[in-house]
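Please open the structure in your viewer and keep the selection panel at hand, since this tour moves from one selection to the next.

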Amino acid sequence: MLGPSGSGKTTCLMMLAGFETATRGEIRLDGAEINNIPPHKRGIGMVFQNYALFPHMTFGENLAFPLEVRGMSKAERDAKVLRALDMVQMGEFGARRPAQLSGGQQQRVALARALVFDPSLVLMDEPLGALDKQLREHMQYEIKHLHESLGITVVYVTHDQSEALTMSDRVAVFNDGEIQQLAPPAELYECPDNSFVAQFIGENNKLSGTVSERSGDEVSVKLEHGGQCKALAVNCGGVGEETLISIRPERVAIGESVSDNSTEALVKELIYLGDHIRCRLDVHGNDQFIVKVSNSAGHKHLVVGEKTQINWAAQDARALNPL
């Protein structure tokens, strides 16, 4: 579940957990309705950003607690605790307390605690938000691999789009309490349903205009600051109605070419990023138009303050609702 702050992600997660009451609709887990089942009887594991570990307990005791609540014998508890710690490669730290280890290690134990009682569903509320970039990326893959090996369904809340694209089989994009689109990561990025999803997922160029012609699934758009653009008619009205053209930076080519859309652009800024050059252009009144050029001999002809030709295919431009 991905979206900006206040879009309803955590509220939805809390309803799944049973800490918030759904005002309408049904929540089903494995086909059974769970709306009226209290949180502790839903069999759902939870991982929070702040770990929520008991500071006075060892890691082993933290993991044993949910098993003790469920009335398991000590022998069974010990076996499950050891297995869960081994799952997150923390088997030798069972006797340590939270304050004795790093944030990343504490997060691993919080993850193990959510898995220790073999839940059918695990809920994660921005669990990696407090970690540094390198550790966060490492833990993303750890969680993904755990999910793949255990086969447990995970519902994961984040406002970090790269985290959502990296980890997910499906992403629900939230805004103003509504799911804007629910789809696999590649579909969200390549085929956004509306302007909000296009702007929120990845980098995106936008050009405003009015539909001048419509033929099948393609439209011609008269751009606000002059020029024409051909695009796929995805979520736009008829002739005379306003629309927003969405084009991904990597879909735009620099240089002369026979293409559906070709126009002149003014080079405003060149940023060297190692494997590619990030070019900021002024295109039809939008001076934040971004093109990514592979770091090869081809970029050397670009000069800040000079004009260049850019082009893109109609299939790579999407006519969406105006913002």
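Two strands are said to pair if DSSP finds at least two bridges between them. With that in mind, and remembering that this is a predicted model, begin with the strands.

Select strand β13, residues 261-272, together with β16; the two pair in the antiparallel sense over six bridges, and within this selection E264 of the chain stands opposite Q309 in β16. Keep β16, residues 307-312, on display and add strand β12, residues 253-254, which runs antiparallel to β16 and is joined to it by two bridges; here the bridge partner of A253 is N311 in β16.

Next, select β8, β9, β10, β17 and β11, five strands that close into a barrel in the order β8-β9-β10-β17-β11, with mixed pairing. From one strand to the next, the twist averages 50°. Within the barrel, look at β10, residues 228-233, and β17, residues 317-320, which pair in the parallel sense over two bridges, and find L232, which stands opposite R318 in β17.

Finally, turn to the helices and select α2, residues 59-69, and α4, residues 103-115, whose axes come within 9 Å and cross at roughly 25°. Because angles under 35 degrees count as roughly parallel, α2 is roughly parallel to α4. The crossing of the two helices is right-handed. To see where they touch, show the side chains of F59, N62, L63 and P66 in α2, which meet Q106, V109, A112 and R113 in α4; by class, this contact has five nonpolar, two polar and one charged residues.

Terms used: Residues are numbered from 1 along each chain as its sequence is written. This is a predicted model: local features need pLDDT of at least 70, side-chain atom pairs count only at pLDDT 80 or more; totals for chains, interfaces and linings use all residues. Side-chain values use heavy atoms; hydrogens and water are left out. Axes are lines fitted to C-alpha atoms, for helices over the stretch in contact, and angles run from 0 to 180 degrees between N-to-C directions. Helices (H or I, at least four residues) and strands (E, at least two) are DSSP runs, numbered from the N terminus. Angles under 35 degrees count as roughly parallel, over 145 as roughly antiparallel, 65 to 115 as roughly perpendicular and the rest as oblique. A crossing is left-handed if the near helix is turned anticlockwise from the far one by less than a right angle, and right-handed if clockwise. Contact means heavy atoms within 4.5 Å. Ala, Val, Leu, Ile, Met, Phe, Trp, Tyr, Cys and Pro count as nonpolar, Asp, Glu, Lys and Arg as charged, and the others, Gly among them, as polar.
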